[in-house]
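Work through the exercises below with the structure open beside you. Try each task before you read its solution.

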Amino acid sequence: MGKGETYWPREVVRISDKNGVEIKGPVGVEDTVKKLREEVEENGSEISDEDDGKDKATSGGGKKSNGGKWTPKDDYEGEERQWFKWDWKLEFAAFYKDHRKQDEYTGKYFLGGGHHDITKFSKADKKRYTY
């Protein structure tokens, strides 16, 4: 599968067909489902029936880099994120580390700020950004 491609729409159609679930939706969804169904018949499935519904991070599948404890880097196959598991504390810690800013006066780190809040702008800046 090429970079940027995803298999989940085909898997939704395959599993829905397997379990007798009819997919309904807005105009044109029938054509999309038909096309996905043909792709499944043509290419087979990306997930085996034994793996259906299993979380690879907690079911013993996949590698564990930290002595059996899951970390976000276990979710990657090559450079592509697989999203087997989401751990809010670990994910936020990485996000915070990459996106935090340091207050120039106190030295404390923070996220966000008032630099996009027009109510905190000076009168001159408000006038510049007002229509």
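**Exercise 1. Confidence**

Find out how far residues 51–61 of this predicted model can be trusted.

*Solution.*
Step 1. Look at the stretch itself: pLDDT stays under 50 over residues 51–61. The model has 17 contacts beyond four places in sequence for this stretch.
Step 2. Apply the general rule: where pLDDT is low, the predicted coordinates should not be read in detail.
Step 3. Set this beside the whole protein. The average pLDDT is 75, and 72% of the residues score at least 70.

**Exercise 2. The length of α2**

Check whether the span of α2 agrees with its number of residues.

*Solution.*
Step 1. Count the residues: α2 has 15.
Step 2. Use 1.5 Å a residue, multiplied by one less than the number of residues. The expected span is therefore 21 Å.
Step 3. Compare with the model. The end C-alpha atoms of α2 are 21 Å apart, which agrees.

**Exercise 3. The two sides of α2**

Which residues of α2 are buried, and how are they placed around the axis?

*Solution.*
Step 1. List the buried residues: Val29, Val33, Leu36 and Val40.
Step 2. Look down the axis. These residues cover an arc of only 65°, so they lie on the same side of α2.
Step 3. Recall the geometry. An α-helix has 3.6 residues a turn, so residues three or four places apart point the same way.
Step 4. Turn to the face away from the buried side. It carries the exposed residues Asp31, Lys34, Lys35, Glu41 and Glu42.

**Exercise 4. The partner of α2**

Against which helix do the buried residues of α2 pack?

*Solution.*
Step 1. Follow the contacts: the buried residues of α2 pack against α1.
Step 2. Now start from α1, residues 8–18. Its buried residues are Arg10, Glu11, Val13, Arg14 and Ser16. What covers them includes α2.
Step 3. Move past the end of α1. Gly20 follows, with a positive phi near 75°.

**Exercise 5. Aromatic rings**

How many aromatic pairs does the whole structure hold? Describe the pair of Phe92 and Tyr96.

*Solution.*
Step 1. Search the whole structure: there are three aromatic pairs.
Step 2. Take Phe92 and Tyr96. Their ring centres are 6.1 Å apart, with 35° between the planes, and the pair is tilted.
Step 3. Place both residues. They lie in helix α3, four residues apart, about one turn of the helix.
Step 4. Check accessibility. Phe92 counts as partly exposed at 34%, and Tyr96 is partly exposed at 25%.
Step 5. Widen the view: ring pairs link Phe92, Phe95 and Tyr96 into a cluster.

Terms used:
Residues numbered from 1 in each chain as written. Predicted model: local features only at pLDDT ≥ 70, side-chain atom pairs only at ≥ 80, totals over all residues. Heavy atoms only, no water. Buried < 20%, exposed > 50% of the residue type's maximum accessible area, 1.4 Å probe, protein only. Helix = DSSP H or I, 4+ residues; strand = E, 2+ residues; numbered from the N terminus. Contact = heavy atoms within 4.5 Å. Arc of directions from axis to C-beta. pLDDT = per-residue confidence, 0-100. Phe/Tyr/Trp six-rings, centres within 6.5 Å; stacked < 30°, edge-to-face > 60°.
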